[in-house]
Amino acid sequence: MRIFAGVFSIQASILGFFSWLKLSSTTPINLFGLPEGLSANAGLILSILMFLAGILIILAKTNDFLLFLALVLWVFGLILGLLFSPSFSGLYFRPITCTLCLIIGLYIFTDYNRKK
């Protein structure tokens, strides 16, 4: 499950980065109607956060600190994605991905039998 969450997060970040590159000329729609420059930069930051969190959870086989950092990055990415990040299709794919990866990561973090 750890590898799945990491690959899922990395894949969503790469797709978000490509959509940020390709659709930078269109007008993005975000939840609160924030300025376009802010939401475009937030989309790039969200992709970077999700990429880092995916790498950290893949590397966190027995290291709880790396797993905790990945969880914090996904929480921050979820907040950033819902509030600031643009949605070009009306579907908030990256925040939904952050939520799913956060749930999987919390399950792994609370699984006490994984160190045995």
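1. Phe17 is partly exposed, at a relative accessible area of 33%. The model is predicted, so this value is computed from predicted coordinates. Phe18 goes further over the line: its relative accessible area is 52%, and it counts as exposed because the cut-off for exposed is over 50%.

2. Three aromatic pairs turn up in this model. One of them joins Phe17 and Phe18. Their ring centres are 6.3 Å apart. The planes meet at 50 degrees, so this pair is tilted. A plane angle over 60 degrees would have made it edge-to-face, and one under 30 degrees stacked.

3. Phe68 and Phe109 form another aromatic pair, also tilted. Here the centres lie 6.5 Å apart, with 40 degrees between the planes. Phe68 sits in helix H3 (residues 64-83), while Phe109 sits in helix H4 (residues 93-110). The pair therefore ties together parts that are 41 residues apart in sequence.

4. How exposed are the two partners, Phe68 and Phe109? Phe68 has a relative accessible area of 42% and is partly exposed. Phe109 is partly exposed as well, at 32% relative accessibility. Both values fall between the 20% and 50% cut-offs, which is why neither ring residue is called buried or exposed.

5. Now the surface. Which residues make the nonpolar patch? Ile14, Phe17, Phe18, Leu21, Phe51, Ile55 and Leu59 do, over about 630 Å². Phe17 and Phe18, the tilted pair of point 2, are thus among the patch residues.

6. Where does the patch come from? Helices H1 and H2 (36-59) each supply at least two of its residues. H1 gives the largest share, four residues. Leu21, one of the patch members, has its place in helix H1. Leu21 is partly exposed, with 45% relative accessibility. Patch residues need over 30% relative accessible area, so Leu21 clears that cut-off.

7. Is Ser9 buried or exposed? Ser9 counts as buried because its relative accessibility is 0%, and buried means under 20%. Ser9 is found in helix H1, which spans residues 2-22. Helix H1 thus holds buried Ser9 as well as partly exposed Leu21.

8. What does Ser9 touch, once neighbours within four places in sequence are set aside? The contacts are Met50, Gly54, Trp74, Thr97 and Cys101.

Key
Residues are numbered from 1 along each chain as its sequence is written. This is a predicted model: local features need pLDDT of at least 70, side-chain atom pairs count only at pLDDT 80 or more; totals for chains, interfaces and linings use all residues. Side-chain values use heavy atoms; hydrogens and water are left out. Buried means under 20% relative accessible area, exposed over 50%, partly exposed in between (1.4 Å probe, protein chains only). Contact means heavy atoms within 4.5 Å. Rings of Phe, Tyr and Trp (its six-membered ring) pair if their centres lie within 6.5 Å; planes under 30 degrees apart count as stacked, over 60 as edge-to-face and the rest as tilted. Patches are made of residues with over 30% relative accessible area and no salt bridge: like charges are joined within 9 Å, nonpolar side chains (Val, Leu, Ile, Met, Phe, Trp, Tyr) within 5 Å. Accessible areas come from the Shrake-Rupley method with a 1.4 Å probe; for residues, only the protein chains shown count as cover. A salt bridge is a side-chain nitrogen of Lys or Arg within 4 Å of a carboxyl oxygen of Asp or Glu.
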